[in-house]
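Got the viewer open? Let's take a walk through this one together, picking out one spot after another.

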Amino acid sequence: MKKKPRKAYWDMTSEELTEATKEFDREGTILRTKPLSAEMRRKWEKAKKRGRPKVGGGSKRVLISMETGLLFRADKLARRRGIGRSELIAEGLKTLLAKAS
């Protein structure tokens, strides 16, 4: 049996909202929870980790100014190559630094 898709709370009438949230009117709803199983705990810990993976010494945000046309071309190239702007800039810097060595 397929579940009927639920309306978003902000699209509901007052009556629909009252019906959809009536379970939270009872006291002690937290008592119906249970401890996480080992697998659920593993999934939770994995999901909690957010952000970019640490590579090398990690990463640091920097604010730079760049000519608009150059930035547009860089973004276009990054999209074509399927990488992000930061990765494209890092790749370019590595290339220049290798040549300078």
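How exposed is glutamate 19, going by its relative accessible area? Select glutamate 19 and you'll find it partly exposed, with a relative accessible area of 48%. Here buried means under 20% relative accessible area, exposed means over 50%, and partly exposed is in between (1.4 Å probe, protein chains only).

Before going on, a word on what you're looking at: this is a predicted model, where local features need pLDDT of at least 70 and side-chain atom pairs count only at pLDDT 80 or more, while totals for chains, interfaces and linings use all residues. Residues are numbered from 1 along each chain as its sequence is written, and side-chain values use heavy atoms, with hydrogens and water left out.

**The whole protein**

Now zoom out and colour by secondary structure. You should see 4 helices and 0 strands, in the order α-α-α-α from the N terminus on. Helices (H or I, at least four residues) and strands (E, at least two) are DSSP runs, numbered from the N terminus. Buried residues make up 6% of the 101 residues. Switch on a surface: the protein exposes about 10,500 Å², and carbon and sulfur atoms supply 57% of that. Such areas come from the Shrake-Rupley method with a 1.4 Å probe; for residues, only the protein chains shown count as cover.

**Charged pairs**

Go back to glutamate 19 and add lysine 22: the two form a salt bridge, with the closest N and O atoms 2.9 Å apart. The term means a side-chain nitrogen of Lys or Arg within 4 Å of a carboxyl oxygen of Asp or Glu. Lysine 22 is partly exposed too, at 47% relative accessibility. By this rule the count comes to 8 salt bridges.

Next, select residues 38-48, which is helix 2, and pick out arginine 41 and glutamate 45, 4 residues apart or about one turn of the helix. Their side chains meet in a salt bridge (3.8 Å, N to O). Arginine 41 is partly exposed at 41%, and glutamate 45 is partly exposed at 32%.

**Where helix 3 meets helix 4**

Select aspartate 75 and arginine 85, another salt bridge, with the closest N and O atoms 2.7 Å apart. Aspartate 75 lies in helix 3 (residues 68-81) and arginine 85 in helix 4 (residues 85-100), so the pair ties together parts that are 10 residues apart in sequence. Aspartate 75 is buried, at 17%, whereas arginine 85 is partly exposed, at 42%.

Show both helices in full. Their axes, lines fitted to C-alpha atoms over the stretch in contact, with angles running from 0 to 180 degrees between N-to-C directions, come within 9 Å and cross at roughly 100°. That makes helix 3 roughly perpendicular to helix 4, a label for angles of 65 to 115 degrees. For the contacts (heavy atoms within 4.5 Å), select Leu71, Ala74, Asp75, Leu77, Ala78 and Arg81 in helix 3, which meet Arg85, Leu88 and Glu91 in helix 4.

**Last stop: a nonpolar patch**

Finally, select Val62, Ile64, Ile89, Leu93 and Leu97, a nonpolar surface patch with about 490 Å² of accessible area together. Patch members have over 30% relative accessible area and no salt bridge; nonpolar side chains (Val, Leu, Ile, Met, Phe, Trp, Tyr) are joined within 5 Å, like charges within 9 Å. Isoleucine 64 sits in the loop between helix 2 and helix 3 and is exposed, at 52%.

Key: Angles under 35 degrees count as roughly parallel, over 145 as roughly antiparallel, 65 to 115 as roughly perpendicular and the rest as oblique.
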